[in-house]
Amino acid sequence: MSFSFDVAVVGAGIVGLATGLKLQEKYPGLSVAIVEKEGAIAAHQTGHNSGVIHSGLYYRPGSLKAGLCLSGYDMLVAFCREHGLRHEICGKVVVATREEELPALEELHRRGTANGVPGLRLLSPSDVKEIEPHAACIRGMHVPSTGIVDYREVAEAYARVFQSRGGMLLLRRKVTGVKADGPSSLRVFCTGGPISARALINCGGLYSDRVAEDSGMKPPCRIVPFRGEYYRIRPERGTLVKNLIYPVPDPRFPFLGVHFTRMVDGKVEAGPNAVLAFAREGYGKTSIAPLELLETLRYDGFWRLVRRYWKNGMGEMARSCSKVLFAKALRRLIPEIQKDDLLPGGAGVRAQALGHDGKLLDDFVVMEGENMVHVLNAPSPAATSSLAIGAHIVGIAGKIIGGWQE
Ligand SMILES: Cc1cc2nc3c(=O)[nH]c(=O)nc-3n(C[C@H](O)[C@H](O)[C@H](O)COP(=O)(O)OP(=O)(O)OC[C@H]3O[C@@H](n4cnc5c(N)ncnc54)[C@H](O)[C@@H]3O)c2cc1C
């Protein structure tokens, strides 16, 4: 069976689904398909994350991340309310546990304030104890607007609305190449047979650079997969955490550091760390995709990153292999946590874009091509920001779609 659409979106993660929704809202008559290689939606990053609705604290003022997180937050919370999805605005504390973290905590407060995050408050240790009685700190910050949600449930709701508006979800179709087929038509090659589309939007997450290359683009970065591993806190010790307890992140990295998160189902998780994954969808410590690993090892940017941060990388690997070391890192936040409080949890793999210069790209990155838009970097807080990212992408795609309507 051959299909023809106005727009084909690659990837049924939260960004692809939100983009589908925003296309339908802005252009109601458009035929849109979301093409997904797995047999279900939300199979990768969207279904394996911390479930935090980020407030917009961490991001450089003026960046896409800052703007889209703040507006995406409002859109997501409104969507959850409208569709009756489990979520809770429970707030979080960020705790500085060492003198040398104080400047970074103050910088976070400045950034958050500049970004318009409401209600931020620097806290003394006794203030922190009132919110999180078991957290240790020398200073803290309360972020009351942070929330929790289950992003798989959000993605399922996006998919339901998308399909109810006539959108087509094509599962088990891996996109393997895209070629121009006339001035305003593309042939999208995928398992199960090619489809035709007038425009393509690539939201391929861990494979977004690959999809871009297979479409004839030269992305300025490569996706390097970083696995984030979690432990679950033993239920009877879950009372050590009321809501969310975060460390002050190392400003050199886009990762937030292992933290405690209460999930919407009431369970408490600790993590995620950030270790190099040996496969883009490598959820286990021993998952290896030799060709993908080779690809990472051949990338010049990777070795520049390693030269700069090999010590941090080794530390993360050690914590990944040793529960004792993982528990030690967590004890900085909650001194009462013991190794035996940690039960095996899941893992997620972050699609993190790395430049040739060895720098981890901090902001969201979107690249335009002929009748195409490629989302090349959509790491955290892209789940929080998904509807705003979708609207942003549709704004860019409008240059293509507007041309059809002239
Ligand atoms: C450990 C971890 C914790 C996180 N915590 C948070 C958090 O608390 N809050 C937050 O806001 N964000 C968080 N994030 C980030 C967030 O989960 C991601 O930014 C978001 O899910 C990205 O969505 P996506 O749609 O771009 O990618 P994905 O969900 O990975 O979806 C991409 C889809 O594309 C499909 N695909 C790939 N290649 C092809 C192809 N060739 N053909 C067809 N389909 C293809 C894949 O199968 C996949 O389904 C976290 C991420 C991780 C990994």
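Half of this chain is tucked away: buried residues account for 50% of the 406 residues. The model is a predicted one. Its protein chain is built from 10 helices and 20 strands. With a radius of gyration of 21 Å, close to the 22 Å that the globule rule gives for 406 residues, the chain is as compact as a globular protein of that length. Its C-alpha atoms fit in a box of roughly 65 × 45 × 35 Å along the principal axes. As for contacts between residues at least 6 apart in sequence, 73% of them link residues at least 24 apart.

Next comes the ligand. Around it sit 41 residues, with Gly11, Gly13, Gly205, Gly348 and Ala382 the closest. Sorted by class, this shell holds 19 nonpolar, 17 polar and 5 charged residues. Domain 1 (3-46 + 152-220 + 364-405) and domain 2 (92-145 + 222-355) each contribute at least three residues to the shell, while helix H1 (14-26) and strand E18 (342-355) each provide at least two.

Strand E11 (residues 186-190) is worth a look too. Its side chains alternate: Leu186, Val188 and Cys190 are buried and point to one face, whereas Arg187 and Phe189 point to the other and are not buried. E11 pairs with strand E10 (residues 175-180) in the antiparallel sense over 5 bridges, and Phe189 in E11 has Gly177 opposite. The hairpin of E10 and E11 has 5 residues between the strands, and Gly182 there takes a positive phi near 105 degrees. E11 also runs antiparallel to strand E12 (residues 195-202), joined by 3 bridges, with Ile195 in E12 as the bridge partner of Val188. In the hairpin of E11 and E12, with 4 residues between the strands, Gly192 has a positive phi near 90 degrees.

Technical notes
Residues are numbered from 1 along each chain as its sequence is written. This is a predicted model: local features need pLDDT of at least 70, side-chain atom pairs count only at pLDDT 80 or more; totals for chains, interfaces and linings use all residues. A residue is near a molecule or strand if its C-beta atom, placed from the backbone, lies within 6 Å of it. Ala, Val, Leu, Ile, Met, Phe, Trp, Tyr, Cys and Pro count as nonpolar, Asp, Glu, Lys and Arg as charged, and the others, Gly among them, as polar. Domain bounds come from an automatic or database domain assignment. The radius of gyration is taken over C-alpha atoms; the globule rule is 2.2 Å times the number of residues to the power 0.38. A residue is buried if 20 or more other C-beta atoms lie within 10 Å of its own, exposed if 12 or fewer, and partly exposed in between; C-beta atoms are placed from the backbone. Two residues are in contact if their C-beta atoms, placed from the backbone, lie within 7 Å. Two strands pair if DSSP finds at least two bridges between them.
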